[in-house]
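Colleague: I have a few questions about this model before I move on. Can we go through it together?

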Amino acid sequence: MSQIKEQSMFAHSESSLEVNGRKMNITRLSDEPVVAVFENVLDEEECNAIIELSRGELKRSKVGTDKQEHAMRTSSGAFLDTHRSHVVSEVENRLCTMMGMPLSHAENLHILHYRPGEEYKAHMDSFTKTDVNNRIATMVVYLNDVEEGGETQFPKLGLTVSPKRGSALYFEYFYNDPKLNALTLHAGSPVLLGEKWAATLWVRRQKIRTQ
C-alpha cells in the first residue's frame with residue numbers, strides 16, 4: 001500500500017460511530033481519497049418521510065454551474081428546506097456530525113429519484129471553477145432498496161457500492177493534489193428494475209448558510 005500523502009477530513013478510525021445513540025458500522029473502501037460506507041444512518045421511517053416530503057417538489061435534474069438539462073443526468077431531484085421539517089433538520093445535523101463539518105458549510109439536503117433506465121453518467125461533484133466556494137465532500141444516503149441496478153461506481157478506483165436503504169456513502173475531494181480529487185469520479189448506474197431514491201448532502205470549503 002502506498003504511503004498516505006495528505007491529511008484526510010475523515011476522522012473515524014474505528015469500525016463504528018455513535019451519533020445521538022445511533023450506532024453506525026463503518027467500512028472504509030479507500031484510504032486516499034477516502035471512500036467509506038456507513039450502515040444504519042437512517043431508519044425506515046426517516047427514509048419514507050424524506051421521500052414523501054420530496055414527491056411534490058421533484059424536477060428534472062440539471063448539471064453544471066449554469067444549471068442545464070443534459071442527457072448525462074436523467075434523474076429528477078429537489079432541494080429540501082431545513083425549516084420545513086424536523087426530520088430534514090435532524091438528518092442534516094446527523095450527516096454533518098458524521099462528516100465533521102458545521103451545518104453552516106452544507107448545502108440543503110438534495111433528494112434524487114431515478115426511474116428505470118435513468119442514470120447519472122461519470123462526473124465530479126466539485127465545481128470546475130477554482131474561484132468559487134467549492135464543494136469538498138459528499139454524503140449520499142440511500143432511501144430505498146433498488147431491485148436491480150442503481151449502483152454508485154468509481155471507475156478510477158474500481159469500486160461499486162450497491163444502494164441499501166438507510167446506508168450512506170461518503171467520499172471527499174478537498175485534497176491539494178488534483179490527481180487525488182480526480183479519483184472520486186463517480187457515476188450513478190442506470191436503474192434496471194424498480195426505482196431509486198437517495199438523499200445527498202454536499203459540504204463546501206467555506207460557510208454557505210446564513211442561518
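Colleague: Leaving aside neighbours within four places in sequence, which residues is T152 in contact with?

Modeller: Bear in mind that this is a predicted model. Setting aside neighbours within four places in sequence, T152 is in contact with Y142, L159, T160, V161, L169, A187 and K196.

Colleague: What joins the side chains of T152 and Y142?

Modeller: A polar contact of 2.7 Å.

Colleague: Is T152 buried or exposed?

Modeller: T152 has 7% relative accessibility. The cut-off for buried is under 20%, so T152 counts as buried.

Colleague: And where is T152 placed?

Modeller: In strand 10, which covers residues 152-154. Strand 10 is joined to strand 11 by three bridges, and the two run antiparallel. Across from F154 stands L159 of strand 11.

Colleague: Which sheet has strands 10 and 11 in it?

Modeller: An open sheet of four strands, with the order 7-13-10-11 and antiparallel pairing. Strand 7 (120-123) and strand 11 (159-161) are its edge strands, each pairing on one side only. From one strand to the next, the twist averages 15°.

Colleague: Strand 13 is in that order too. Where is G188 placed?

Modeller: G188 is in strand 13, residues 186-188. G188 is buried, at a relative accessible area of 8%. Neighbours within four places aside, G188 is in contact with E119, Y120 and E151.

Colleague: How far is the C-alpha of G188 from that of V161?

Modeller: The separation is 9.7 Å, for two residues 27 apart along the chain.

Colleague: Next, the other sheet. How many strands are in the sheet ordered 1-2-3-12-8-15-6-5-4?

Modeller: Nine; that sheet is open and its pairing is antiparallel. Strand 1 (16-19) and strand 4 are at the edges with a single partner strand each, so one side of each has no neighbour in the sheet.

Colleague: How many bridges join strand 1 to strand 2?

Modeller: Four, and the two strands run antiparallel. S16 has N25 of strand 2 as its bridge partner.

Colleague: What about strand 15? How many of its residues are buried?

Modeller: Nine of its nine residues are buried, which makes strand 15 mostly covered. K196, A198, T200, W202 and R204 point one way, while W197, A199, L201 and V203 point the other.

Colleague: How many bridges join strand 15 to strand 6, and how many to strand 8?

Modeller: Strand 6 is joined to strand 15 by five bridges, and strand 8 is joined to strand 15 by seven. Both pairings are antiparallel. A198 of strand 15 has L112 opposite, and T200 of strand 15 has V140 opposite.

Colleague: On to the helices. What does helix 2 lie across?

Modeller: Helix 2 lies across strands 1, 2, 3, 5, 6, 8, 12 and 15, and runs at about 125° to strand 8.

Colleague: And helix 1: which of its residues are buried?

Modeller: In helix 1 (residues 44-54), the buried residues are E46, C47, I50, I51 and S54. Seen down the helix axis, these buried residues fall within an arc of 135°, so they line one face of helix 1. They pack against helix 2 (86-99) and several strands, including strand 2 (22-31) and strand 5 (76-80).

Colleague: What is at the start of helix 1?

Modeller: A side-chain oxygen of D43 comes to within 3.2 Å of the backbone nitrogen of E45.

Colleague: Now the core. Which residues touch the most other members of the largest nonpolar core?

Modeller: F38, L95, M98, L109, M139, L143 and Y170, out of 39 residues in that core. Helix 2 supplies the largest share, six residues. Apart from this core lies another of 12 residues, among them V35, V140, V161 and F171.

Colleague: Which residues is M98 in contact with, beyond its neighbours within four places?

Modeller: H12, L17, V19, M24, F38, V41 and M139.

Colleague: Last one. Where does S75 lie?

Modeller: In the loop between strand 4 (59-60) and strand 5. S75 is buried, with a relative accessible area of 0%. The side chains of S75 and S61 make a polar contact of 2.8 Å. Beyond its neighbours within four places in sequence, S75 has contacts that include L112, H113 and Y114.

Technical notes. Residues are numbered from 1 along each chain as its sequence is written. This is a predicted model: local features need pLDDT of at least 70, side-chain atom pairs count only at pLDDT 80 or more; totals for chains, interfaces and linings use all residues. Side-chain values use heavy atoms; hydrogens and water are left out. Buried means under 20% relative accessible area, exposed over 50%, partly exposed in between (1.4 Å probe, protein chains only). The arc is that of the directions from the helix axis to the C-beta atoms. Contact means heavy atoms within 4.5 Å. A polar contact is a pair of N or O atoms within 3.5 Å; within protein, one must be able to donate a hydrogen and the other to accept it, and residues adjacent in sequence count only if both atoms are side-chain atoms. Two strands pair if DSSP finds at least two bridges between them. Axes are lines fitted to C-alpha atoms, for helices over the stretch in contact, and angles run from 0 to 180 degrees between N-to-C directions. A nonpolar core is a set of buried Ala, Val, Leu, Ile, Met, Phe, Trp, Tyr and Cys residues joined through side-chain atoms within 4.5 Å.
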